[in-house]
Structures are given as structure tokens and as C-alpha cells.
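Q: Could you take me through the place where the two chains meet, and zoom in on one residue there? I'd like the contacts spelled out.

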Protein chains: 2
Amino acid sequence: MANEQGINVAVVGATGAVGEQILATLEAKDFPISKIKLLSSKRSAGKEMTFKGETVTIEEAVPEAFENVQLALFSAGGGVSKQLAPEAVKRGALVVDNTSAYRMDPEVPLVVPEVNEEDIKKHQGIIANPNCSTIQMVVALEPVRKKLGLNKVIVSTYQAVSGAGLDAVEEMQQQSRDILDGKEVTPKVLPVSGDERHFQIAYNAVPQIDKFEENGYTFEEMKMINETKKIMHDERLQVAATCVRLPVETGHSESVYIETDQPAESVAAMKQLIAEGDGITLQDDPSNQVYPLAVDSVGLPDVFVGRIRQDLDTENGYHLWVVSDNLVKGAAYNSVQIAERALAYGLLK
Amino acid sequence: MANEQGINVAVVGATGAVGEQILATLEAKDFPISKIKLLSSKRSAGKEMTFKGETVTIEEAVPEAFENVQLALFSAGGGVSKQLAPEAVKRGALVVDNTSAYRMDPEVPLVVPEVNEEDIKKHQGIIANPNCSTIQMVVALEPVRKKLGLNKVIVSTYQAVSGAGLDAVEEMQQQSRDILDGKEVTPKVLPVSGDERHFQIAYNAVPQIDKFEENGYTFEEMKMINETKKIMHDERLQVAATCVRLPVETGHSESVYIETDQPAESVAAMKQLIAEGDGITLQDDPSNQVYPLAVDSVGLPDVFVGRIRQDLDTENGYHLWVVSDNLVKGAAYNSVQIAERALAYGLLK
């Protein structure tokens, strides 16, 4: 039960790249917390982290750790979520899960607050946070969908290595240095640490994120396709994706082609429509070379949109360039936003 | 007039990145040369280069330098081509021009031999070599167009810095090192050396190649759109492009979506069709993580195609990943191929 100062919050996977961002976001937003629990694997238990100036000792994530927790933010891999999220729910917590474990479960809402915050109310204990590359795209497209209707989406991504974890960032940095020094490199992490073969990421573009499915698409591509339809509540929306990993540390970029039900009155009207969308910052002034860049997005919660232009052959076709920090809006920030809205709906008690 | 040992060849811009590749390609292909002239700006005149083991002194590119030249390969910027290509033609040379100066001139054939080599015969002195990003795409799509018909192309590019010259390569390398060392960087070359603003290319993705046009597209994007239609002789072909510069030294990658007139019998049939295309090497085996990579393409004349898959909503829609060395097939190799075919047609005398 929440006391008058706030609620009891558990962060599972507190020591990871997203976990750290979740703590920073809870602090920055001054989320009303009575007590915070930092949970992790046995290996990190006993270590200390700082939250709001106070030292917090990390505890092992076991079922009992969720006693008296009202909100549990999970970001420790799908396996941990599968095992422990039901335990947290059983003890009365609302779980916001940042893994792919429950995203496509029909009983679990998949939420980007700018698009479908009402879905939060349908939760049965777990709310899923979508994939990073999906989140920024649906935020950018929602004002278009709402006003003009959306038919078709074809996206090619330019994804940062931090989406694959801290090991991937270190591998990219070490490879970059070794190649500049003329040394041989032996890739060990990317494109997918759990897959058979590994390829150079420095000074390269690798068209594989996550493992391949039977149909020739990667799991990352299928996530973008399926999650977009689920979040937008439109099974007939046509979505196609090609997901590519780049030697960029943080900040995913996306080249997005869309077809709307009706065309906008003009490209200027389309820009205006997108600029007014929730969570979006328009950066679109080609004559002054203004467009979104991955390195400029780092640390910011906005989704940046630019290079908006009409297709030269299709009246209702448009091209956009969408950029956001994959660790912030793509993960931690969206999770905390979900928690804030749940709190506002009176769902955290 | 060609003597019995071969023809007299001039290479204009011999000291540039593409010029060097042209000389290497002429050597590797053992192109039948009687005498070679290396031409450049006044600044480099008098320097020496080696061709087929012999020392050649670089001469200044002036109109008189083209006396007795049968073939002139230009790669020294659009301004030089505008000024000197007509002088070479006037003196009886066939010009193969690797700049954008004449590409859209209706009297100048724009040729990728795997696609439209017959156009060589229509030349009136000048044959243009297309833009690098166009060449690899049309090579990959030609077998599809010929067999199934082609309706629509939407491409997002992942382009290497060597396409912007040696200064751009050096800027990327220095920036990469400085950022790893925690130093500030001051971009001066990319995205476009002649444009107002410059942005960090290391660990970034920059959605601008060449300057912006009035319609919001860059000149590079308009080149891909217009050149593809001209090479494929199809003004009704719908082409859209988003061109992006990456921190990759050499090797352009492209995420291409196409719609054909008729669907292929199966994805396997589509792969087979592309594998049999001229100049193409298929690298497509997702279950073994086999797909084209920019770093693997360096120095090779092939266009590598992989990740071929059917769109999940559109029966005649397909996605492909197309990679090639932008300095080889994208520039030097294609120019020398044009010269070879012109020779075979008896057009060099």
C-alpha cells in the first residue's frame, strides 16, 4: 500500500544500461517514491548504488523481494521477466516490463503513452514496453494516423550498438581503435551475442538485429511489424521493416515511407501536423541543413522528426527521418511514463 | 588512330581516388593500350605515377593534350568535364565521363553495361557513367525487371565516406580517434564540403548527401531517381530515395523495396533469378547468417545481393539488401567496362 509520501518501487536489472536510465528518469521526474528496491542477479547483490543522494544496497531478485512493492519496473532480460513478473503480480505489484517476454501476449497491453495510453487500464498485472525502434516510429506516425489515416509503413533502420548492451558498445569502441591502428579484429558480440557468427561492426553496416525467423525476417523486424499493429490497434496496417546495426553508440535513426488514407493539404501541413504531435520535436529545414541526427538525440526524451517530403509518384506517400535516444524514449523513459499514467489512473495502490 | 598494339588513352583526374582505381582496373583487365596519358590540374602536373611498371609523367589537362587520344576517361569533377570533354571530342576522342555533368543530357547515353550496353552505340562523343549508388541498384534490379517487370522502387542508402573523396575519409578517421580519446571535434568536410554547415560523421548517421533541392530531396536522391529511369528506359517507373552517409570507409549498402509487375513463383525463384543476373553475386542464407557486408565488398567488382524476402502484405513486393564497392563498380570499373564494350562495338578508332 502506498503511504502518503508515495509508492514502493522495485527496479529489476538496476545495474544494466536501461536500469541506470530508469533510475535517472525516476529521479529527474521526481516520481513519488516511498521506498525503492534495486534488484539484480545474485552476482550483483550486495553492491551499492545511489538514488536521490542516498545509498541503496542491491538485493537479489527473488519472489519474496516483491512483498509490499506496488510498482516493479523490469529490464533484466526476457528470462527474468518470464520467471519473476508473475511473482511480483501475485504479490500485488503492477509490472512494467521492458523485455519482449509479454509484448505480443493478447492479455498484456503494449503501451506508448502518446499513442495508446488508455490501454493501460486493461492491464491484468503486466504492461509491456515496446521495442525501442517501434516506440520512436509510432510516436512520429501517431499524429498522421489520427488525422489522415495510415495504410502502409516501410521502414529501414539505422540502429545504435547500445541497443545490444554495454558489451556491444565496448566491442565497437575497441574495434574502431584497432582498425585505425591497423590491427586485426576478432568480433565476438555483434550482431547478436547468442548467434553463431559475429561480424565487424566498426566502419560497417550489418543487416541483422536479433536472430532470423523462418520467413527470412529477423526477430527485430517482426517486432517492429507486429508491435506497430498492436499499439495502433490496426491489424490491417501494412508494415515492413529492414533493421540494420551501425557503428553509432546511442540514437536510432529510421528512414520511414508511409502511405496515408488521405493526402495532407501540403507538405507544410504535414510538417505542422507532426510538429504538434505529443513527444515530437520537428527538426526540418533543409535550406538551413536542419534535420535530426543520432548524436544530437542522446540523453533527450523527444522523438525528432525531419526530412519530411512527399513521394514524387504517390500523392498520399511521404518520407520521414525519425531519430530518438534508444535508451531513453526507446526504453527507460517510456517505462516510467507508463508508470506515471498508471498512477494518474489510480492503478497503483 | 589506334595502332596495332592498342589505342591511346587519357585519364583525366589520374591522382584522385577514382582515377587511381581506373588505372588499377585498366591494368587488371589488360585493356589494349598503345599510349597512356595521365592528366590533372596544373598543381599535379610534372609529378610521376606508375602504370604497368612504367613511370608516366603527369601532364596538365589542357585542350591540346587530347590530340591523338582515342579514349578519354574523365573523373576530375563536373567543372573539368564541362570544360574539357567537348575539347577531347572535337579532337576525335570518345569520352567516358564519371561526373554528373552530362548524365541527364538527353544526347548523352548513361550506361551500366549489365543493363543498357546497347545505348553505347548512340553516343555523340560522350558516354556518362552513373552515380555510384544508382549503378549497384540497377545491376541488382535488372534481372528482376527483365523477367517480372518493375513498377516501384523505394531505396534507403547506407553510403560510405570515400564517395565524398579522400578528405572525407581522413575526416572520419581523425574524428573517430578524437572521440575515442574524449576530444572535441570540429567537422569541416562532411556532409558536403561545399555546403554551409558540417556535422560529425564518426558514430553518426547523416541524412544528407549532396545539396538540397527546392523539393526537399537532396541532389543525390534526385540522381538515383532520375538516373534509374533513364538507364532502365522507363519514365513511368516509380523511384524514391533517401540517401544517408555513414561512418563506413568504402562500400555502399542499400535497403531496397520493389514492386514487380508479376510476382515471382516463390522467394527461392526470386533468389535464383537475381543470382543469375550479370555482375551479381548472391549472398543470401539467413540460417547461416550469410548476407552482404560493406567491409567484405572492398576491392571487388561484384554487386552483392542478399536478405531477399517477400513483403508480408504485398504479393508482388520484395525487400533486398544490395552492397558494392562505390569506387570500383560504382565508378572506375563501370567506366572501364563502358570503354571495353565501346571497343568491342568498333567505336574506338
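A: Sure, and keep in mind that this is a predicted model. Start with how the copies sit: a turn of 180 degrees with a shift of 0.0 Å along the axis lays chain B on chain A, with an RMSD of 0.0 Å. That is the relation of a two-fold axis. The copies meet through the same surface, because 100% of the interface residues of chain B are also interface residues in chain A.

On to the contact itself. Chain A puts in 64 residues and chain B puts in 64 residues. Together the two chains bury about 5,200 Å², with 56% of that on carbon and sulfur atoms. On the chain B side, Tyr203(B), Gln289(B) and Arg307(B) supply 13% of the area buried against chain A, more than any other three residues.

There is plenty of polar detail to look at too. Between chain B and chain A there are 42 residue pairs in polar contact, and the salt bridge count is eight. One of the salt bridges pairs Lys152(B) with Glu259(A), whose closest N and O atoms are 4.0 Å apart. As for the elements of chain B that give two or more residues to this side, they include helix H5 (166–180), helix H6 (219–231) and helix H8 (294–297), along with strands such as S9 (150–158) and S11 (252–260).

Now the close-up: Tyr203(A). You'll find Tyr203(A) in the loop between helix H5 (166–180) and helix H6 (219–231) of chain A. Tyr203(A) is buried, with a relative accessible area of 8%. Within its own chain, and leaving aside neighbours within four places in sequence, Tyr203(A) touches Ser176(A), Ile179(A), Leu180(A) and Pro247(A). Across in chain B, its contacts are Met172(B), Ser176(B), Tyr203(B), Pro247(B), Val248(B), Glu249(B) and Val295(B). So the list includes Tyr203(B), the residue with that number in the other copy. With Ser176(B) there is also a polar contact, side chain to side chain, at 3.4 Å. Back in chain A, the C-alpha atoms of Tyr203(A) and Met172(A) are 9.2 Å apart, though 31 residues separate them along the chain.

In case you're wondering about disulfides, the structure holds zero over all chains. Take Cys132(B): its sulfur is 9.1 Å from the closest cysteine sulfur, in Cys243(B), which is too far for a bond. Both are tucked away, with Cys132(B) buried at a relative accessible area of 13% and Cys243(B) buried at 0%.

Methods: Residues are numbered from 1 along each chain as its sequence is written. Chains are lettered from A and ligands numbered from 1 in the order in which they are written. This is a predicted model: local features need pLDDT of at least 70, side-chain atom pairs count only at pLDDT 80 or more; totals for chains, interfaces and linings use all residues. Side-chain values use heavy atoms; hydrogens and water are left out. Copies are superposed by least squares on the C-alpha atoms of residues with pLDDT of at least 70 in both. Contact means heavy atoms within 4.5 Å. A disulfide is a pair of cysteine sulfur atoms within 2.5 Å. Buried means under 20% relative accessible area, exposed over 50%, partly exposed in between (1.4 Å probe, protein chains only). Helices (H or I, at least four residues) and strands (E, at least two) are DSSP runs, numbered from the N terminus. A polar contact is a pair of N or O atoms within 3.5 Å; within protein, one must be able to donate a hydrogen and the other to accept it, and residues adjacent in sequence count only if both atoms are side-chain atoms. Buried area is the accessible area (1.4 Å probe) that two parts lose on being put together, summed over both. A salt bridge is a side-chain nitrogen of Lys or Arg within 4 Å of a carboxyl oxygen of Asp or Glu.
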